[in-house]
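Visitor: Please show me how to read an interface and a surface patch in a model of two chains.

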Amino acid sequence: MTENVAERIREILDTIYSSESRQVLATLIRLLGDFDAAEEALHDAFAVALEQWSRDGVPANPRAWLVSTGRFKAIDGMRRRARFDASLVELVKQLESSASDPEARDDESVADDRLRLIFTCCHPALPPDAQVPMTLREVCGLTTDEIARAFLTRPPTVAQRIVRAKAKIRDARIPYEVPSATDLPDRLDAVLRVVYLVFNEGYSASSGGSLTRHDLSGEAIRLGRLLIELLPEPEAVGLLALMLLQDSRRAARTSPTGDLILLENQDRSLWNRDQIAEGLALVERALTSRRFGPYTLQAAIAAVHAEALSAAATDWARIVGLYNLLLRVEPSPVIELNRAVAVAMRDGPLAGLTMIDAILARGDLAKYHLAHSARADLCRRLGRRVEARAAYEQALALTQQEPERRFLARRLAELPG
Amino acid sequence: MKYICLGYIEEKKWETKSESERNAFIDECFAYDDVLRKNGHLVGVEALQGPRNAITLRFQNGKVSVTDGPYAETKEQLGGIFILEAKDLNHAIQLLSKHPGVRGGDFINEIRPAADLTEMIRESERRRSATKEK
């Protein structure tokens, strides 16, 4: 009986941990003024919850309970250490008097905590290669391993960047606040980049068995909504549109067995019409501002797909045109690759293949599996079986993602010998 | 918290300015210094003579060697030092961003948070008094 209760509480806590722990952490950082102390307090709070909730039941507001318990544990721990370290006495007093009842704080302040956390993690005083892992770790709760894979680097490297960033936040006293109105636009760019990376981590997880990790995509979309509420800048609007339009295809991009389905083969009746409608309206809003950038352009491309009844009925000329604009504002080999695929749809596979070969010849995307699988697909359509086989095999060797591996293996098997 | 601001300036650029341009710049700088001082944000400020008057000391071959010139031969040279008292880094950035020296584009500024040596000094005192007792 007791064991059953403990088991049930553990399940409830797991759910609460994944949905609320970042929010609790964000508030604890504000209350305690220190990342490490807040993390320790967060884990203490969940440990106490496991014991106490099994006995007394789940509190009415679990998040507020966790915040006040975490804060209490942190102050209690500090008070004990203060007996041996006089420098902590003042700090304990300060913490006890400030925000004495966190549950009574207005919801707006608590909601802002995540925004404070985002802007602090994306502070320009932190090196760029630390801003993104900091946000993914602290705001989104990704593990160091997941971040390392997303950034094609080693977990100890990521861990070290996070440790150094936290030390700089503490030692240089980078404040925990939403930037002032004058600084906000500049500071937003870094935040948008991070939000989109989070979305992509959820939309196309860098490794493992499941292609989509909807919780992260949903988190990124939620962050996107919060951002445009705070600062309705065209690019923030464009980014939200892009995420919604991509997410609208989620149900259609994998089969019931978890296999990848390409855009051209997707059952478009499965696309989420509400997300598309919202995304299209947002693209329109961002485009009319005339101050848009790369996110809005990518969203405009996604919008052309969303409006097409089939792959064949897609306005590929418009897509190529949008890619040309995008390359002008943000030159990148991955965008070049996408343009090559669109050109193949407009002008035929040979035109696209010539462009992909030129990109690969520069060595830019030699280790990017999608470059090889796109090349393989065009070779297949041109009837160049040997080349297609070699390219599929190369793509297969380069991807860690299970559904993509299965997709490539299937394509490989389907090639006529 | 104290933030040390190191202002780097290209001497040649400064030399090409007309006298009235220089005076206008200097007046603006001093006026803003007064504002900072009045609000308690300016703990200290020193302007440096040019790198031509710099002397560099090194310990080499068992003795102190004295040479002419700055330690680093760069285009921009350290021209002034500010010590700001600010609430946090954003506050320090805000205060310094409004300085005519930054706004005018003549200075490149580096902000270094001051290191708190209280604990280090206390430990050192403990070590030194222990040595004395022996």
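Guide: What follows treats the contact between the chains and then a patch on the surface. This is a predicted model, in which local features need pLDDT of at least 70 and side-chain atom pairs count only at pLDDT 80 or more, while totals for chains, interfaces and linings use all residues. Residues are numbered from 1 along each chain as its sequence is written, chains are lettered from A and ligands numbered from 1 in the order in which they are written, and side-chain values use heavy atoms, with hydrogens and water left out.

Visitor: What area is buried between chain B and chain A?

Guide: The size of an interface is often given as the accessible area lost when the parts come together. Here the buried area (1.4 Å probe, summed over both parts) is about 760 Å², with 50% given by carbon and sulfur atoms. Of the area that chain B buries against chain A, Met1(B), Leu89(B) and Asn90(B) supply 57%, more than any other three residues.

Visitor: How many residues does each chain bring to the contact?

Guide: With contact meaning heavy atoms within 4.5 Å, nine residues come from chain B and eleven residues from chain A.

Visitor: Which residues form the nonpolar patch on the surface?

Guide: A nonpolar patch joins side chains of Val, Leu, Ile, Met, Phe, Trp or Tyr within 5 Å, from residues with over 30% relative accessible area and no salt bridge (Lys or Arg side-chain nitrogen within 4 Å of an Asp or Glu carboxyl oxygen). In this model the patch consists of Ile55(B), Leu57(B), Phe59(B), Val64(B) and Val66(B), with about 570 Å² of accessible area together (Shrake-Rupley method, 1.4 Å probe, only the protein chains shown counting as cover). Strand 3 of chain B (strands are DSSP E runs of at least two residues, numbered from the N terminus) gives the most to this patch, with three residues.

Methods
Buried area is the accessible area (1.4 Å probe) that two parts lose on being put together, summed over both. Patches are made of residues with over 30% relative accessible area and no salt bridge: like charges are joined within 9 Å, nonpolar side chains (Val, Leu, Ile, Met, Phe, Trp, Tyr) within 5 Å. Helices (H or I, at least four residues) and strands (E, at least two) are DSSP runs, numbered from the N terminus.
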